[in-house]
Amino acid sequence: MRIAIVTETYPPEINGVALTVQALAQGLRGRGHAVQLIRPRQPGAETAADAVSEDVQVGGAAIPRYPGLRFGWPARRRLERLWRAQRPDAIYVATEGPLGHSALRAARRLGIAASTGFHTRFDDFARFYGVGWLTPLVFAWLRHFHAHSAATLVPTQELADFLRERGFGAVRLLRRAVDTQLFDPARRRDDLRQRWGLTDDELAVVYVGRIAPEKNLELNVRAFRALQQQRPDARYVWIGDGPARAELARANPDFIFCGSLRGEELAAHFASCDLFLFASLSETFGNVTLEAMASGAATIAYDYGAAREHIVDGVNGRRIACGDADAFAAAAVALAGQPQERARYAAAARETVLKLSPQSVTDHFAELLASLRSAA
């Protein structure tokens with residue numbers, strides 16, 4: 001098939017949506033499909049020739065308060081010209097911005113099946129940036145946007161049920177995968193731990209993700225400080241960047257900030273840590289949960305998204321009732337002092353995610369797009 005993917009975020013931007021879209025594009029091309037990528041122009045960024053057959057870049061602008069992230073300007077006329085000249089069999093619109101909306105309009109005018117991805121709960125974000133009153137308006141926009149697609153693809157059954165109950169039609173499940181060859185406990189590195197001031201028996205706690213208000217950073221810090229009372233040797237390693245990093249670093253000078261990492265370097269950092277605390281309540285899925293499980297880091301997360309799908313509490317990690325901050329901190333304290341329990345969780349978690357093959361997700365994605373084309 002010839003497949004057009006429209007997205008307003010893509011590497012070198014580092015976030016779950018960008019990396020998920022890149023993995024889908026690479027997977028499709030690896031399976032012999034022609035992939036046309038349409039995205040905002042990123043100053044200084046290289047082309048995506050490794051992942052796609054054709055890289056089309058359009059105008060865009062920086063997202064306010066999110067340095068390094070962009071959105072694309074509407075490009076309906078240009079997209080119509082492109083798709084009239086070489087008609088795609090299917091279109092996937094990954095993001096709900098102006099570029100994505102114009103792509104849906106172009107697809108509708110040309111009679112091409114277009115699906116959309118529900119990757120981010122933008123309605124939840126509003127309350128973390130002082131505009132909580134916008135939440136119902138943002139959700140109404142999301143529902144309006146996805147109503148113009150042939151199918152809305154979501155990563156969990158929980159989210160599928162949530163959206164259907166709120167008036168979203170044609171919701172389809174497309175599960176996420178994790179590269180278990182990249183994220184592997186075998187990548188643990190003694191030199192990294194020595195750099196952090198840790199021996200093999202001491203405790204490295206890790207945070208991976210955007211360092212921003214919506215990630216519930218206060219609970220991460222609270223849980224770490226509580227476990228530190230029991231394990232004064234523990235160090236907290238932070239991987240990522242974002243608007244809250246500078247303030248967090250000032251308030252916690254003992255934390256280790258590694259910046260944004262990708263690929264083998266990220267995998268090595270993950271595997272070199274012992275405990276992953278994921279206190280966020282604003283995720284649509286949470287790819288980092290699967291990466292931690294694959295890497296051998298014992299994981300504590302709230303009971304939704306990837307954790308609900310893949311963590312069995314007390315078997316391959318800890319899954320805490322959403323919003324129960326006391327239970328989250330208590331679980332962190334308990335696991336900090338139980339190295340054998342951490343090792344048991346880590347081994348079971350690794351076994352859990354080994355079956356989440358990126359190839360199987362790519363094939364399912366292609367089958368979904370083919371079925372939409374047939375229906376159209």
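**Aromatic pairs and a positive surface patch**

Phenylalanine 270 and phenylalanine 276 are both buried in this predicted model. A search of the whole structure identifies 16 aromatic pairs. In one of these, the ring centres of phenylalanine 71 and tryptophan 73 are separated by 5.1 Å and the ring planes are inclined at 80°, so the pair is classed as edge-to-face, the angle being over the 60 degrees required for that class. Phenylalanine 270 and phenylalanine 276 likewise form an aromatic pair with edge-to-face geometry, with 5.6 Å from centre to centre and 80° between the planes.

The exposure of the residues in these pairs was also examined. Phenylalanine 71 has a relative accessible area of 21% and is therefore partly exposed, since buried residues lie under 20%. Tryptophan 73, with a relative accessible area of 44%, is likewise partly exposed. Phenylalanine 270 and phenylalanine 276, by contrast, are both buried. Elsewhere, ring pairs connect Tyr207, Phe224, Tyr236, Trp238, Phe255 and Phe257 into a cluster.

A patch of positive charge is present on the surface, where Arg41, Arg77, Arg78, Arg81 and Arg105 gather. The greatest contribution to the positive patch comes from helix H2, which spans residues 76–85 and supplies three residues. Arginine 78 is located in helix H2 and belongs to the patch. The relative accessible area of arginine 78 is 34%, so this residue is partly exposed; this value also satisfies the requirement of over 30% relative accessible area for patch residues.

Technical notes
Residues numbered from 1 in each chain as written. Predicted model: local features only at pLDDT ≥ 70, side-chain atom pairs only at ≥ 80, totals over all residues. Heavy atoms only, no water. Phe/Tyr/Trp six-rings, centres within 6.5 Å; stacked < 30°, edge-to-face > 60°. Buried < 20%, exposed > 50% of the residue type's maximum accessible area, 1.4 Å probe, protein only. Patch = residues over 30% accessible without salt bridge, like charges linked within 9 Å, V, L, I, M, F, W, Y side chains within 5 Å. Areas by Shrake-Rupley, 256 points an atom, 1.4 Å probe, with all protein chains shown as cover. Salt bridge = Lys/Arg side-chain N within 4 Å of Asp/Glu carboxyl O. Lys, Arg positive; Asp, Glu negative; His and termini not counted. Charge placed at Lys NZ, Arg CZ, Asp CG, Glu CD. Helix = DSSP H or I, 4+ residues; strand = E, 2+ residues; numbered from the N terminus.
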